[in-house]
Amino acid sequence: MGKDVIIACDFASKEEVLSFLDKFQGRKPYVKIGMELFYAAGPEIVKEIKARGHKIFLDLKLHDIPNTVKKAMHVLSSLDVDMCNLHASGTVAMMEAALEGLVRPDGTRPLLIAVTQLTSTSQERMESDLLIKEPLDQVVLHYASCAKKAGLDGVVCSPLEAGTVHSHCGKDFLTVTPGVRFADGDIGDQVRVTTPAKAKEIGSDYIVVGRPITAAADPVAAYERCVKEFCD
Ligand code: C5P
């Protein structure tokens with residue numbers, strides 16, 4: 001599986017995202033569409049960006065009873081996305097149902113990856129709010145194992161966790177990693193960050209990069225820099 005840079009297109013409208021993608025002219029970067037854009041612009045925006053030739057990671061993080069998730073995944077799969085996700089905390093049964101729902105009539109399906117513990121969840125919050133007393137890194141690895149057991153393709157995690165996830169779940173189990181910043185760039189609200197080059201060294205399969213590209217003075221140059229550091 002080739003490494004790739006996925007641009008987190010966290011825009012609030014169809015006009016903004018399309019004018020952003022227009023800057024790339026001939027290039028067709030892999031694009032992540034999250035809740036903000038999907039809820040604002042609807043399934044049509046997915047179809048339109050797909051029709052322009054981009055691969056799409058639809059980041060909607062589903063979490064519900066297995067039957068509901070299965071049916072929702074069936075709808076998302078029909079949008080012809082390349083990757084989608086859910087919360088591993090929905091249980092192995094929910095993940096198995098999701099996978100079933102994703103299979104298209106021709107037998108193909110998007111990649112399915114699981115969110116383990118959100119990077120915004122601290123050890124303290126996990127213990128006090130979720131009553132999970134194990135160390136956070138153990139919880140992440142346990143959720144990754146559950147995702148693997150359910151037949152999923154990988155997890156979303158910090159690039160700093162990509163190495164341990166691979167040693168625990170195998171090198172073919174994908175690690176899709178946000179929290180990437182250039183060495184000379186702004187960290188913003190991310191906490192545990194690393195550079196594209198370091199993410200490559202640790203073993204991330206896909207890096208998800210938002211503001212270092214979307215808020216750059218020259219987004220295309222920033223994207224090229226990510227690709228050069230991470231993929232070459
Ligand atoms: O702008 P930035 O590079 O921080 O964007 C990272 C993207 O990855 C955002 O869309 C954010 O919602 C997403 N993400 C994250 N951390 C997670 C899961 C998703 O930053 N644990």
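**Salt bridges, strands and a charged patch**

A salt bridge brings together the side chains of Asp-153 and Arg-109, with a distance of 2.8 Å from N to O. Asp-153 is situated in the loop between helix 7 (136-149) and strand 6 (154-156), while Arg-109 belongs to the loop between helix 5 (92-102) and strand 5 (111-115), so the pair ties together parts that are 44 residues apart in sequence. The two partners differ in their cover, for Asp-153 has a relative accessibility of 17% and counts as buried, whereas Arg-109, with a relative accessible area of 29%, is partly exposed. The cut-off behind this distinction is that a residue is called buried when its relative accessible area is under 20%. The structure described here is a predicted model, and the distances and areas in this passage are to be read as computed from it.

Side chains of opposite charge can pair when their charged atoms come close. In this model the count comes to 15 salt bridges. One of them is formed by Arg-125 and Asp-129, whose side chains meet at 3.5 Å, N to O; both residues lie in helix 6 (residues 123-130), where they are four residues apart, about one turn of the helix. Another salt bridge, at 3.6 Å from N to O, is made by the side chains of Lys-171 and Asp-172. Both partners of this bridge are exposed, since Lys-171 has a relative accessible area of 66% and Asp-172 has a relative accessibility of 62%. Elsewhere, Lys-32, Asp-59 and Lys-61 are joined into one network by salt bridges that share partners.

Turning to the strands, strand 1 (residues 4-8) is largely enclosed by the rest of the structure, because four of its five residues are buried. Strand 1 runs parallel to strand 8 (residues 206-209), to which four bridges join it, and within this pairing the bridge partner of Asp-4 is Tyr-206 of strand 8. Strand 1 is also joined to strand 2 (residues 30-34) by three bridges, again in a parallel arrangement, and here Ala-8 stands opposite Lys-32 of strand 2. Lys-32 is thus a residue of the pairing between strands as well as a member of the salt-bridge network with Asp-59 and Lys-61.

Strand 5 is mostly covered, as five of its five residues are buried. In a regular strand the side chains alternate between the two faces of the sheet. In strand 5 both faces are covered, with Leu-111, Ile-113 and Val-115 buried on one side and Leu-112 and Ala-114 buried on the other. Strand 5 pairs with strand 4 (residues 83-87) in the parallel sense over five bridges, and Met-83 has Leu-111 of strand 5 as its bridge partner.

Cover is also found outside the strands, in the loop between strand 6 and helix 8 (162-169), where Pro-159 lies. Pro-159 counts as buried, its relative accessibility being 0%. Between Pro-159 and Arg-27 the separation is 132 residues in sequence and 25 Å in space, taken from C-alpha to C-alpha.

At the surface, Asp-10, Glu-15, Glu-16 and Glu-36 form a negative patch. Among these residues, Glu-16 is located in helix 1 (residues 14-22), and with 39% relative accessibility Glu-16 counts as partly exposed.

Terms used: Residues numbered from 1 in each chain as written. Predicted model: local features only at pLDDT ≥ 70, side-chain atom pairs only at ≥ 80, totals over all residues. Heavy atoms only, no water. Patch = residues over 30% accessible without salt bridge, like charges linked within 9 Å, V, L, I, M, F, W, Y side chains within 5 Å. Areas by Shrake-Rupley, 256 points an atom, 1.4 Å probe, with all protein chains shown as cover. Salt bridge = Lys/Arg side-chain N within 4 Å of Asp/Glu carboxyl O. Lys, Arg positive; Asp, Glu negative; His and termini not counted. Charge placed at Lys NZ, Arg CZ, Asp CG, Glu CD. Helix = DSSP H or I, 4+ residues; strand = E, 2+ residues; numbered from the N terminus. Buried < 20%, exposed > 50% of the residue type's maximum accessible area, 1.4 Å probe, protein only. Pairing = 2+ DSSP bridges.
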